[in-house]
Amino acid sequence: MRYMLLLYSADGAGPAPGTPEHAAEMQEWFAYTQQLEEAGALLGGEPLHGIDTATTVQVREGKTLSTDGPFAETKETLGGFYMIDVDNIDQATEWAAKIPLAPYGSVEVRPVMELG
Amino acid sequence: MSQSIVAQLFAEEWPKLVATLVRELGDVDLAEDAAQQAFIEAADKWKPDNTPDRPGAWLMTTARRRAIDVIRRNADLRRKLESMEADARLTSHINGATSGWFAAGTPGPSDDTGHQLVDDQLALIFGCCHPSLNTEAQVALTLRQVCGLSTRQIASAFLTPEATMAKRLVRAKTKIREAAVPFTVPEADQLEERLESVLAVVYLIYTEGHAAADAASLIRGDLCDEARWLADLMANLLPDQPEALSLSALLDLSDARRPARVDAEGHLVLLADQDRSLWDAELIARGRQRLAAAERFDPLAGTYRLQAAIALAHAEAASEAETDWAQIVSYYDMLYTLEPSAVVALNRAAAVSKAKGPDAGLATLDALDDSATNGLGNYRYYHAARADMLRQLQRWNEAEAAYRRALDLTTNQSEHEFLSDRIEHCRQQR
């Protein structure tokens, strides 16, 4: 079963870049990703630039509308993702709970729809 | 005749049947349909003088055959492919196990060792109460899958339209399938945490049956029965989990009072005024035994353990006056440290009032109101308890006002009548 782990957090919720805490967290991210890889569960995953860099695109009545910013204004925003392959929701949530962002953000676990 | 044999068997065999089928098929819907088919066939075929020697095995075999029929008939290729593994498992079960359905002593497929059956039933219950499902879904699934209630029965018990309940069940089953919610017994390190959510579901079913806040009648006994049955099942399946034993004790001890809780006219009878000879002695005995079994384990008391101990203190008192209220207050003290909720605080204050008099109780309540324990202002039992203490202190005006606030907050018909009577009484005294 493939699951998408969507990583959300509020602006400034984690350690600030440049601090020793931030450097320590980077090590945790690397370690976590490596663990996923060694378990044979990692299919992919990337961090994303902040919502300041987001552009939202909609096509309405044939016209393309591009707007600066994310689709919805919410307190927590999408900051990255992992795609994993595990047996069931218990394993997926176990991996989700180990993500370094989990103590201050939220991880949405979504099963991937298998087509064909 | 055969109908009644089947009805009797239903309570006992349904959860085992569904539990095993869910494990084998990995499909909750299919398991349910197959189990249902087996019971329909049993009702149809069994004759009083010709019932299978081992009806459980007969039902299991029949259900497996029906499941295979469905799998084979299913035109959806993908689903078929997914089911092939289960199909192969099932076929091997049947080929290896049965020659004649009625053959005496045939080692049937449900001769899976007792251990496997325990695991299957636990897996089913833990699956239905999986934390990835919301509480409403957990409750509905448990009543449907484990207790074997129909969607219509569950809907009527919860005063919900049948279509809403059906939708809730479908949504839950879809999530189970698409998110791969496992129907397995949790690992040892997860067991206690997962057990908590199972016990919470059982407790919720009981309180829903007991309080029936929106119903005209005070107690919806069928839900109480189901909850007690579930608690008993959990206690039997997990005899070394003190909170499972304690919940079973608590529900037995509380439900023992059911026959005395409502009078012939359907009016609420308070604990103090109940005819204790109506209490179910057999249930009290079982509850006492279960609680003793729980107490053999760790000395740290859990919330169900303390509540059961309180219920037992009531059960063992010959009258309200002879109740060991000081002991009950001390249980509430412990309970409050584990669960500092407004409801526990309120019950503790009521016990203080019995132990030390209504003025002590009132002082405890008023202290609560000032602190931020909250939500109590909209809680009808808070105003009712307060009113009762004021009534005992003969402060009629204040008592009437408090009863009136409780009355405004209740939606239950028999509570409504009880509170109206009390208001009338205060008015006459004034």
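**Chain A, the sheet**

I started with strand S1 (residues 2–10) of chain A, which is joined to strand S5 (residues 76–85) of chain A by 9 bridges. The two strands run antiparallel. I was working on a predicted model throughout.

I then read off single partners along this pair. Leu5(A) has Tyr82(A) as its bridge partner in S5(A). Leu7(A) is partnered by Gly80(A) in S5(A). Ser9(A) stands opposite Thr77(A), again in S5(A).

Next I asked which strand S1(A) joins through 6 bridges. That strand is S6(A), and the two run antiparallel. I noted one pair here: Tyr8(A) stands opposite Ser106(A) in S6(A).

I went back to S5(A) and looked at its pairing with S2(A). I found 5 bridges, in the antiparallel sense. Gly45(A) of this pairing stands opposite Tyr82(A) in S5(A). I had met Tyr82(A) before, as the bridge partner of Leu5(A).

With the pairs in hand I wrote down the whole sheet. It is open, has 4 strands, and follows the order S2-S5-S1-S6 in chain A, with antiparallel pairing. Which strands stand at the edges? They are strand S2 (42–47) and strand S6 (106–111) of chain A. Each has a single partner strand, so one side of each is left without a neighbour in the sheet. I also checked the twist: neighbouring strands are turned by 20 degrees against each other on average, direction ignored.

I looked for what packs on this sheet. Helix H2 (residues 89–98) of chain A does, and it touches S1, S5 and S6 of chain A. The direction of H2(A) makes about 155 degrees with that of S6(A).

**Chain A, overall**

I listed the secondary structure of chain A: 2 helices and 6 strands. From the N terminus on, I read the elements as β-α-β-β-β-β-α-β. The C-alpha trace of chain A spans about 45 × 45 × 20 Å along its principal axes.

I also looked at where chain A touches chain B. The contact takes 5 residues from chain A and 6 residues from chain B. I sorted the chain A side by class and got 3 nonpolar, 1 polar and 1 charged.

**Chain B, the two domains**

I turned to chain B, which is divided into domain 1 (2–112) and domain 2 (114–229). I checked how they meet: 13 residues of domain 1 of chain B are in contact with 12 residues of domain 2 of chain B.

Which helices supply at least two residues each to the domain 1 side? I noted helix H1 (2–25) and helix H2 (28–45) of chain B. The largest share of that side, 9 residues, comes from H1(B). By class, the domain 1 side that touches domain 2 of chain B has 7 nonpolar, 1 polar and 5 charged residues.

**Chain B, helices H11 and H13**

I moved on to helix H11 (residues 242–255) and helix H13 (residues 281–295) of chain B. They pack at an angle of about 160 degrees, and their axes are 8 Å apart. Angles over 145 degrees count as roughly antiparallel, and H11(B) and H13(B) are therefore roughly antiparallel to each other. The crossing of H11(B) past H13(B) is left-handed.

I took down the residues that meet. On H11(B) they include Pro242(B), Leu245(B), Ala249(B), Asp252(B) and Leu253(B). On H13(B) they include Leu283(B), Ile284(B), Gly287(B), Arg290(B) and Leu291(B). By class, I found 9 nonpolar, 3 polar and 4 charged residues in this contact of H11(B) with H13(B).

**Chain B, helices H15 and H16**

I finished with helix H15 (residues 325–338) and helix H16 (residues 342–356) of chain B. The angle between them is about 160 degrees, and the axes lie 9 Å apart. H15(B) and H16(B) are therefore roughly antiparallel to each other. I read their crossing as left-handed.

Which residues of H15(B) make the contact? Among them are Trp325(B), Ile328(B), Val329(B), Tyr332(B) and Tyr336(B). From H16(B) I noted, among others, Val344(B), Asn347(B), Arg348(B), Val352(B) and Lys354(B). By class, the contact of H15(B) with H16(B) has 12 nonpolar, 1 polar and 3 charged residues.

Terms used. Residues numbered from 1 in each chain as written. Chains lettered and ligands numbered in written order. Predicted model: local features only at pLDDT ≥ 70, side-chain atom pairs only at ≥ 80, totals over all residues. Axes fitted to C-alpha atoms, helices over the stretch in contact; angles between N-to-C directions. Parallel < 35°, antiparallel > 145°, perpendicular 65-115°, else oblique. Left-handed = near helix turned anticlockwise from the far one by under 90°. Contact = placed C-beta atoms within 7 Å. Nonpolar A, V, L, I, M, F, W, Y, C, P; charged D, E, K, R; others polar. Pairing = 2+ DSSP bridges. Domains from an automatic or database assignment.
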